[in-house]
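Me: I'm new to this, so please give me one close look at the salt bridges and the strands around them. Take your time and keep it friendly.

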Amino acid sequence: MLTLTSPSPRWPLTRHSSRLWLAGLALLLLAGCASQAPMDESGRQAGQWERQQADVEAFDSWTLVGKAGLRTPEENVSANLDWNQTPYYFRMLISGPFGGGRNVLEGREGRFSLSNSDGRFEAETPEALMEEQLGWSLPVSAMPDWVRGLPGGNDSYQLETDELGFPSHLAQDGWEIDYRDWEQFEGMWLPRRLIMNYDDVRITLVVNQWQASEE
């Protein structure tokens, strides 16, 4: 009768060697965990903002589709926003209750106009134009930077970051901007929801869609 037996291992694992092997495996696992940057539930990782900031600054031709909410001691209203921005031209379509219908704000080479059912109006700054015609104003000159998470222009500012290094609070020109949510677009993280406060005016901007546009 033929009996088959399995060969003995050439190098049997002793209790001591097995402990060393398990300890080494644990160290490798810990090293792998330590090498992964902290991440939040949306997928943002520590260090990403610093690595992408130059790309965000270069992303200066875009279209933003979203919704803006305006809150003052007298009213609490909202409007739809369709905003096309390039370094030399912008067009902001504001429609809905606090837009008073349909308003088109445009700027090119230092000239600004606002068109609605009452006609076409001009002023030296977009803020003055909105204040004159609508009774309220967005910080239009600085917002192209603020909505991307960047300070506007070369003016002084204070910027705070979250635990991942992303902007969380920006103070500039009397405005306080809080960044509440982010979304990924073409490999970059861009703000999805931000809240802007100036005295007793509070503006909440929710971005539904970012699009790249040609100049």
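Reply: Let's start with the key term: a salt bridge is a side-chain nitrogen of Lys or Arg within 4 Å of a carboxyl oxygen of Asp or Glu. This is a predicted model, where local features need pLDDT of at least 70 and side-chain atom pairs count only at pLDDT 80 or more, while totals for chains, interfaces and linings use all residues. Residues are numbered from 1 along each chain as its sequence is written, and side-chain values use heavy atoms, with hydrogens and water left out.

The structure holds six salt bridges. A good place to begin is the network of salt bridges that links R111, R120 and E122. Within that network, the side chains of R120 and E122 meet at 2.8 Å, N to O. How covered are these two residues? R120 is exposed, with a relative accessible area of 54%, whereas E122 is partly exposed at 46%. (Buried means under 20% relative accessible area, exposed over 50%, and partly exposed in between, using a 1.4 Å probe and protein chains only.)

Now for the strands behind that network. Strand β5 covers residues 111–116 and strand β6 covers residues 119–123, and they pair in the antiparallel sense over five bridges. (Strands are DSSP runs of E with at least two residues, numbered from the N terminus, and two strands pair if DSSP finds at least two bridges between them.) To find your way across the pair, look for L114, which stands opposite F121 in β6. The link from β5 to β6 is a hairpin that passes through two residues.

Next, try a salt bridge with both partners tucked away. The side chains of D145 and R148 meet at 2.8 Å, N to O, and both D145 and R148 are buried.

Then there is R192, whose side chain meets that of D181 in a salt bridge at 2.8 Å, N to O. R192 lies in strand β10 (residues 188–198) and D181 lies in strand β9, so this pair ties together parts that are eleven residues apart in sequence. R192 is partly exposed, with a relative accessible area of 27%, and D181 is partly exposed too, at 25%.

Since D181 took us to β9, let's follow that strand to its partner. Strand β9 spans residues 175–185, and four bridges join β8 to it, with the two running antiparallel. One spot to check is L170, whose bridge partner in β9 is I177. A hairpin connects β8 and β9 with two residues between them, and D173 in that turn has a positive phi of about 55°.

And what about β8 itself? This strand, residues 167–172, is mostly covered, with five of its six residues buried. On the β7 side, β8 pairs with residues 158–161 in the antiparallel sense over four bridges. T161 has P167 in β8 as its bridge partner. β7 and β8 form a hairpin as well, this one with five residues between them, and G165 in the turn has a positive phi of about 90°. If you trace this stretch on screen, go from β7 through its hairpin to β8, then through the next hairpin to β9, and finish at D181, where the salt bridge to R192 sits.
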